Amino acid sequence: GVDELKRLFELADAYGFGDWLVFDASVVRGLAYYTGVVFEGFDRLGELRAICGGGRYDRLLSLYGAVQEVPACGFGFGDCVVVELLKDKGITPVLPKEVDFVVAAFNEGMQGSAMKTAAALREGGAQVDLLLEPKKKVTQTFDYANRVGARYMVFVAPQEWEAGKVRIKDLRLGEDVPDEEKQLDVALDDLVKVKEVLEQWALTKKMGAVKV
């Protein structure tokens, strides 16, 4: 074990990050499958708990069917610590919400149909958020779509589904536009090319180009 540690620090120096390693005999990883050096990663100031921890294990894959020992090294990390570190450094990334469609089933019985609809939209390259269960009120569905920044709401209801269609509503048109002019029934076969369908609809309504 001592020879492995010495070699590790030698290689780290040669690689140029030896200054980032500190020997600590108190580091103990409780998992029984470690067979070599173990480690934990911390912020430079040592103000936060461990960002990650792991080590060397040569026999782990044998437990899952490997016919011979496979040398390996791995670690796990906590996302909460990473977020706190990013905040402390002032480098938290801005990740704008980009959702084209929120797909909502009319009721629990239409959930499978909603999943098929979401899959077809994604196949066409759209960013889709699928509600995993119907909301009790329609207003709650709209509120959710607004929170995630969706441009369109896709309702999957029995009447339209039996006709081979789903209803798509544009959530970004103003209140001065009548509801019937904000929505379009789109054939299921056209969902994979929904961008083209909505662009044509926009031109027909003289609404200008629609970005999806």
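In the predicted model, Asn146 belongs to helix H4. The relative accessibility of Asn146 is 45%, and this residue is therefore classed as partly exposed, since that class lies between the limit of under 20% for buried residues and that of over 50% for exposed ones. Asn146 is separated from Leu188 by 42 residues in sequence, and the C-alpha atoms of the two residues lie 25 Å apart in space.

Helix H4, which spans residues 138-147, also takes part in lining the second largest pocket. Strand S4 (99-105) and strand S6 (150-156) are the other elements that each contribute two or more residues to this lining. The volume of the second largest pocket is about 290 Å³. Its lining comprises 15 residues, and those nearest the centre are Ala105, Phe106, Val138, Phe155 and Ala157. By residue class, the lining of the second largest pocket consists of eight nonpolar, two polar and five charged residues.

The largest pocket has a volume of about 1200 Å³. It is lined by 34 residues, among which Trp20, Leu21, Val22, Phe39 and Glu40 are the closest to the centre. Two or more lining residues come from each of helix H1 (2-15), S1, S2 and helix H2 (79-89). The greatest contribution is that of H1, which supplies seven residues. In the lining of the largest pocket, 21 residues are nonpolar, four are polar and nine are charged. The use of a probe in such an analysis has a simple basis: when a probe the size of a water molecule is rolled over the atoms, the places where empty space remains are revealed.

Two of the elements that line the largest pocket, S1 and S2, are also paired with each other. Strand S1 covers residues 38-41, and its pairing with S2 is antiparallel, with four bridges. Within this pairing, Phe39 has Gly54 of S2 as its bridge partner. Phe39 is also one of the residues closest to the centre of the largest pocket.

Strand S2 pairs in addition with strand S3 (residues 72-77), to which it is joined by six bridges in an antiparallel arrangement. Arg56 is located opposite Cys73 of S3. Strand S2 itself, formed by residues 52-57, is mostly covered, with five of its six residues buried. As a general feature of regular strands, side chains point alternately to one face of the sheet and to the other.

Technical notes: Residues numbered from 1 in each chain as written. Predicted model: local features only at pLDDT ≥ 70, side-chain atom pairs only at ≥ 80, totals over all residues. Heavy atoms only, no water. Buried < 20%, exposed > 50% of the residue type's maximum accessible area, 1.4 Å probe, protein only. Pairing = 2+ DSSP bridges. 1 Å grid on protein atoms, 1.4 Å probe; cavity = no way out; pocket = protein on both sides within 12 Å on 5 of 7 lines; lining within 4 Å. Points joined across faces, edges and corners; volume = space filled by probe spheres on them. Nonpolar A, V, L, I, M, F, W, Y, C, P; charged D, E, K, R; others polar.
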